[in-house]
Every structure is written in C-alpha cells, then in structure tokens.
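Let's take a walk through this model, starting from an empty spot inside and working outward from there. Keep the viewer open as you read.

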Amino acid sequence: MKISFYQGFLAILFSAFFVFFSSYSLSIEKGWVILIPIICYFFFSLFNIDNLLWFIILLTPLSVPIAELGYFFENINFTFPTEFLLFGLLFVLIIQMIFYSQRFVGIFNHRVTYFLCLYLLWMFLSCFTSTDPLISFKLFLTRLWYIIPFYFFMILVFRERGNIFKFILLYTIPLCCVVIYTLIQQSGDFFDSKIANGAVHPFFNDHTSYGAILAFFIPSVFIIMCNEKYFRKWNIVLFMIIIILSIGLVFSYTRAAWISFIIASAFGLFLKMKLNLKHFISLSFIFIGFFFIYQDKLVSNEESSDSFFRHFQSTSNITTDASNMERINRWNCAIKMFNEKPIIGYGPGTYQFEYAAFQDSDDKTIISTKFGDGGNAHSEYLSALSETGIIGLCVFLLLVGSVFLKGIKLYYTLSCEESKMFILCSLIALMTYFIHAFFNNFLDIDKVSIAVWSFIAIIVSIDLYKDNTIKN
C-alpha cells in the first residue's frame, strides 16, 4: 500500500485543515505543530503502511506522555511516539480507504463494523450538542486514530494468521521490559502496595491500566503455549513472557485486573468445555443466588494491603476503603449526569469537567477533589451513559455484544484449529477488558485502545477470510 502523489496532496490538505481548526487551542509558542502532518507524510511515504503499523505496535508499550520529554511539549497531551505517529498517519489512511475502497467492501458489510460505525456516528453527533464541543471533537478524533488503523487496516493484515501471533509477540516483548522496569522500581520498597501507582510511571498513568493490559495478554500467551506448532519454536520466549507478565500482574495490586482475569479464565473454560446457553443461564443463577445468600459475608472491612489475600478481600469493602468509595462517588455522579441529560449526554470526554457539580457531600472521600478534577467515571459503561446518553450506551453494548456473539459462533463452527485458537485468545482477552470496564475506562489510552481494537479486528478478519484459511 504505497502512497501516491495525489493521495499525499489530499492527506496534507486534510491535515492542514485539522491543524488550523484546532490551533486556536494551542498557545502561540506551539505553532510549529502545523508542520507535523506534512513532516509525517514525507516520512510515511518512504515506508509500507503495514510496516509502520508494526513499528507503532512495537513502540506502544514503551510510549510516554510527551510532557515527560520536557517543558517544550508540556501543554500537549500526546503520548510519544504512538499518538505522535498516529496523528499524521490517520489522514493518510483515510485517503487509502478512499482510493482503495474495494478492499474494504467486505469489512463495511460486516455486522460488527455496522455497529462500530453507528457507535462512531452517534459519538460524532453528540459532539455538536456537547457542553464543550472542542473537548468532544478532540476525543472523537483520538478514537478515530485508534479505530481506523487498528480495526480496519489490521483486519487486512490479519488475513495471514501468522500476523496475529506476530502482533502478540511484538506487543508483549516490550511490555515485558516495562514490567521488569516497574518491578525494579517496586523492589526498592520491598514491593509495598502503596508505591505500585508511582512505580509504573512514565509508561502508565496508574497501576490500574497497567494491570488491565497485563491481564489482557496473559491468557493469549498461555493459549498459544498450549499449541504444539508455536510452542516447539517459541517455547523459551513464550515461557519467559508469561512468567514476567504474571509476576507483574500479581504485584500490580490491581484488584479489578485480578477479578477480570479470573472471570475471563472461567469464561475460557466455559468455551473449551462447549457448554451451551442452558448451562450458562444455570451457572448465572447459581452465582447470583450464592451472592444474595452470602452477601453479608462477602462484604469486607479489609483495607488495601501488601497481603495479596487481604488486598483482594478489600475489593468488596465499600465502607472504609477510600478507593472503592471514591469509585462509587464517581458512579453516582455519572448516573446523576445521565438523569439531567438522558438522551444526548454531556458530550464525549466531558465527564471529568462536569462531575464536580454532581458530587454529594455524603459520597465524598478523602481522595475526592473539591473542583472535580480527579479524572474519569471509572466505568466504560457509565462514562458512555453520562457523556453520550442512553442511545450511546445502547449502541456501545450492541457493539460489544455483536463481537462476542460472532466470536463464540466462530469458535464453535470453525474447522481450522489455528483460527479457533486465535478466536479463543481474542474472546478471553476482550472479556478481561470488558469486565474491567465496569470498574475503569481506558479506551482513551493508547496501550489499551490499540490492543482492544486489534483483538476485535482478529475476530472480524477470521470471519471474513475463514474460507481461505480452511483451504490453506
């Protein structure tokens, strides 16, 4: 997929339009930003787009906020180098989709793509009714520069099944370097849970997103290890990866990641045992009944601790654990925001600027901020509800549901064992995230977003090209 002169010219026009549109939000001293798309175009024109995507994937676990590189970039919220590259690459890819539209016909006709486009369309429309349109359009743009490369283009890349393994390998090897760095930072204080949050800097904002991405990839590496073809050739590498990531997950002290990993693993066993819908409903009722019968014993008074068992128990402490209580505070604010604007919401990306007015004094904790500048809704679903309304949440749930329904159907019907293996990897990995999404929202973070949209692309790619795979 080389870039022609005319594609490059249009890419520069689109890039220049965006920069002029958003430049008023930058200080005068940052006027050099207008040169980025033009420089990126000349850089991108020298390479094959597939190779650029692999390069970005390799660097994603190592990316850092651009402000970490010095005061010259302190007012820009890009992560370097991933979003820096994606910013310029986005317009090039849009032009590619226009000029080579025949390659994407099957993708656009797929049901998952239909719900994805509906999700993007509603997000785009809600930007116009947003309480802060500039913030909303910026978030919408970032969502585009993750989805277009790592959904639409990776579907084409994943036609060759070996590229799925390549993706996992290219992502997890540098991720292991980050884990080793973090463990070294933690070892200085004997792995005290209180420093887990700071130890992940500058590669992650906090330990929750760090734990989420570790839980995301561990099942996939384990499943591939169980495949004789890959284990014979990559046994030492895979073994080292899973050991390092597992140690990192344990010492991340991320309770939501631990829970999502356990539930997703149970989901994987459910698929492997080929249990049907009746079994799933029966198990669900047993679980719900167990919860209500023993709810008094399940509610804990344990505080966060260095003891893994006590730290895990503190997950259900909603009376004295500040982290849990603050999460409930954010959830209540999101629901109150939804009640104010139930249809269209406050606009994508606006929760963190609006929720302060909805804080109840009884819900505030020692880590609550008076001006409500402490972050997001701590739930992907409640974030969608408060920012894009009930329609936005429903469309998002339809998108997630369509991915899992298609993936499960493929897993039970495919005859190609390699494709089934990668479908299982994708389903379990995505389950870890969408369970974790009840407690946090990370789709605006490059490390998580690139992984999530790429794994959705794996399911769609296998579905679109399954006949060729079976023949091969």
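**A hole and what surrounds it**

Phe-396, Leu-399, Val-400, Phe-434, Leu-443, Val-452, Trp-453 and Ile-456 line the largest cavity. Bear in mind that we're looking at a predicted model. How many cavities of 30 Å³ or more are there? The count comes to one, and the volume of the largest cavity is about 30 Å³. Rolling a probe the size of a water molecule over the atoms is what reveals empty space of this kind. Two helices, H18 (380-413) and H20 (446-464), each contribute at least two residues to the lining. As for chemistry, the lining has eight nonpolar residues, with no polar and no charged ones.

Now for the nonpolar core. In soluble globular proteins, nonpolar side chains tend to be buried together. The largest nonpolar core here has 138 residues, and Tyr-151 and Phe-217 are the ones that touch the most other members. Helix H7 (residues 133-157) gives the most to this core, namely 15 residues. Setting aside residues up to four places away in sequence, Tyr-151 touches Ile-107, Val-112, Thr-113, Leu-116, Tyr-146, Trp-453, Ile-456, Ala-457 and Val-460. Trp-453 and Ile-456 should ring a bell, as both are among the residues lining the cavity.

Next, try Ile-57, in helix H3 (residues 49-59). With 0% relative accessibility, Ile-57 counts as buried, because the cut-off for that is under 20%. Its contacts, again leaving out residues up to four places away in sequence, are Phe-150, Met-154, Phe-167, Leu-170 and Tyr-171. The C-alpha atoms of Ile-57 and Pro-174 are 9.6 Å apart, though 117 residues separate the two along the chain.

Is Asn-329 buried or exposed? Sitting in helix H16 (residues 322-340), Asn-329 is buried, at a relative accessible area of 0%. Its side chain has a polar partner in the side chain of Gln-359, at 2.9 Å.

Finally, some backbone oddities. Most residues other than glycine have a negative phi, and most peptide bonds are trans. Going from His-201 to Pro-202, though, the peptide bond is cis, with omega near 5°; Pro-202 belongs to the loop between helix H9 (196-199) and helix H10 (207-225). Tyr-253 has a positive phi, near 55°, and lies in the loop between helix H11 (228-250) and helix H12 (255-272). Tyr-253 is buried too, with a relative accessible area of 3%. His-378 also has a positive phi, about 60°, and its place is in the loop between helix H17 (351-354) and H18.

Technical notes
Residues are numbered from 1 along each chain as its sequence is written. This is a predicted model: local features need pLDDT of at least 70, side-chain atom pairs count only at pLDDT 80 or more; totals for chains, interfaces and linings use all residues. Side-chain values use heavy atoms; hydrogens and water are left out. On a 1 Å grid over the protein atoms alone, a cavity is a set of points where a 1.4 Å probe fits but cannot get out, and a pocket is an open set with protein on both sides within 12 Å along at least five of seven lines; lining residues have an atom within 4 Å of a point. Grid points are joined across faces, edges and corners, and a volume is the space filled by probe spheres set on the points. Helices (H or I, at least four residues) and strands (E, at least two) are DSSP runs, numbered from the N terminus. Ala, Val, Leu, Ile, Met, Phe, Trp, Tyr, Cys and Pro count as nonpolar, Asp, Glu, Lys and Arg as charged, and the others, Gly among them, as polar. A nonpolar core is a set of buried Ala, Val, Leu, Ile, Met, Phe, Trp, Tyr and Cys residues joined through side-chain atoms within 4.5 Å. Buried means under 20% relative accessible area, exposed over 50%, partly exposed in between (1.4 Å probe, protein chains only). Contact means heavy atoms within 4.5 Å. A polar contact is a pair of N or O atoms within 3.5 Å; within protein, one must be able to donate a hydrogen and the other to accept it, and residues adjacent in sequence count only if both atoms are side-chain atoms.
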